[in-house]
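Student: Before I use any label from this model, I want to see the criterion behind it. Could we take the labels one at a time?

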Amino acid sequence: MKKLRIGCIGVGRLGYQHAENVAYRIPNAELAAVCDINMDRAEEAARQLGAAEYYGDYNEMLEKSDIDAVMITNTSSEHCACIKAACAANKHIYCEKPTGLTIEELDEIDKAVETNPGRTIQVGFMRRFDRSYQDAKRRVDSGDIGKIIKIRSITRDPACQREDYVRFGPGAGGMFFDMSVHDFDLVRWFAGGEVKSMYAIGGIYEFTEFEAFNDIDNCSVLMQFDNGVMAEVEGSKQGVCGYDVWMEIVGTKGTLLVNSGTTSYVTQKDEYGMRNECQPWFRERFEEAYLREVAAFVDKALAGEASGVDTDDARKAVEMAFMAQKSYDDGKIMCAQ
């Protein structure tokens, strides 16, 4: 069996999970090398996951390692530079979102991708690979609920992760770019159009530490697409029941509700009322989706095919994040240029 030899850039929280999937769960992939700014972490990950090489500098890894593809899972502010370096090295590329944090970076990425023809490039919008969202998209495309009227996409991260939010916040890009970008991608995917106008509100309701890196802890974004579909995106860092993520799609003939991340279908009734157990964090909720998206990337790269979730999709989602940020900053409705 031919295997795709992969080097992973960044083996922190999510990066390690991706590397572990490559090493143990995807038969036609091989974890050839790992790279992390923390050399001790890189060495430890290589030892634990069986990678033959480890590096502290991804440029050195791209130059020396015999690899076919790279997975870019380090901090968001470094994604653009990594993509450009990987394109220059003529590698297949998987990159976590967002690909860039400025319009200039998005332009640089577009130019770099043009110099890397015939290589598969995929961006980590893992919700597109979740079975529930895929089933809902199939029903929408089949016309099961008629013409789409409105889409609501909700992401409420658990408040208990406050320490991590502050730790990783300065390099993440902020609420709209790091968190709501998943929802922006989803509503665009389901709406089947491009955003026409947008209005964003929000603020800091509890996590005053966010002021230090100009972020907010809650937002609500209302938008309309060029085909008339309305959409609402809600983001929060103060989920009280765990990782609370779900979507509602309202059509002229029915409504779809994509599951809300409960651990089972059991509802408990007792003296405290009725309740369901919720998923604690994103890694548990989307564990299978993370595996399926990387497996799909490997298959596409080995076949020399386009991924279907590329840097153009990432650009559209990030541009929506820019619109939301501008609307929030100016307190005005933003219209597409």
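Student: What makes the contact of Glu232 and Arg152 a salt bridge?

Tutor: The criterion is a side-chain nitrogen of Lys or Arg within 4 Å of a carboxyl oxygen of Asp or Glu. In this predicted model, Glu232 and Arg152 meet at 3.7 Å, N to O, so the pair satisfies the definition. The two residues belong to distant parts of the chain, 80 residues apart, with Glu232 in strand β10 (residues 230-239) and Arg152 in strand β7 (residues 148-158). Helices (H or I, at least four residues) and strands (E, at least two) are DSSP runs, numbered from the N terminus.

Student: What are the ground rules for the numbers and atoms?

Tutor: Residues are numbered from 1 along each chain as its sequence is written, and side-chain values use heavy atoms, with hydrogens and water left out. Because the model is predicted, local features need pLDDT of at least 70 and side-chain atom pairs count only at pLDDT 80 or more, while totals for chains, interfaces and linings use all residues.

Student: Why is Glu232 called buried?

Tutor: Buried means under 20% relative accessible area, exposed over 50%, and partly exposed in between (1.4 Å probe, protein chains only). Glu232 has 18% and therefore counts as buried. Its partner Arg152 has 23%, so Arg152 is partly exposed.

Student: How do you know that Glu194 and Arg188 form a salt bridge?

Tutor: Their closest N and O atoms are 3.0 Å apart. Arg188 is buried at 11%, whereas Glu194 is partly exposed at 29%. Both residues take part in a network of salt bridges that also links Arg128, Asp185 and Asp313.

Student: How many salt bridges does a search of the whole structure find?

Tutor: The search finds 30. One of the pairs is Glu20 with Arg25, whose closest N and O atoms are 3.7 Å apart. Glu20 is partly exposed at 24%, and Arg25 is partly exposed at 41%.

Student: Why are α6 and α8 called roughly parallel?

Tutor: Axes are lines fitted to C-alpha atoms, for helices over the stretch in contact, and angles run from 0 to 180 degrees between N-to-C directions. Angles under 35 degrees count as roughly parallel, over 145 as roughly antiparallel, 65 to 115 as roughly perpendicular and the rest as oblique. Helix α6 (residues 131-141) and helix α8 (residues 175-191) pack at about 30°, with axes 10 Å apart. The pair is therefore roughly parallel.

Student: Which residues meet where α6 packs against α8?

Tutor: Contact means heavy atoms within 4.5 Å. On the α6 side are Tyr133, Ala136, Lys137 and Val140, and they meet Leu186, Trp189 and Phe190 in α8. By class, the residues of this contact are 6 nonpolar, no polar and 1 charged. The classes are: Ala, Val, Leu, Ile, Met, Phe, Trp, Tyr, Cys and Pro nonpolar; Asp, Glu, Lys and Arg charged; the others, Gly among them, polar.

Student: What makes helix α4 mostly covered?

Tutor: In α4 (residues 79-88), 7 of the 10 residues are buried. They are His79, Cys80, Cys82, Ile83, Ala85, Ala86 and Cys87. Their cover includes β1 (4-9), α3 (58-64), β4 (69-72), β5 (92-95) and α5 (103-114).

Student: What is notable about phi at Asn90?

Tutor: Most residues other than glycine have a negative phi, and most peptide bonds are trans. Asn90 is not a glycine, yet its phi is positive, near 60°. Asn90 lies in the loop between α4 and β5 and is partly exposed at 33%. Asn214 also has a positive phi, about 55°; Asn214 is in the loop between β8 and β9 (218-225) and is exposed at 68%.

Student: How do you know that the bond between Lys97 and Pro98 is cis?

Tutor: Omega of the peptide bond joining Lys97 and Pro98 is about -15°, and the bond is cis. Pro98 lies in the loop between β5 and α5.

Student: What makes β1 and β2 a pair of strands?

Tutor: Two strands pair if DSSP finds at least two bridges between them. β1 and β2 have 6, in the parallel sense, so the requirement is met. One bridge joins Cys8 to Val34 in β2. Strand β2 (residues 29-35) has 6 of its 7 residues buried.
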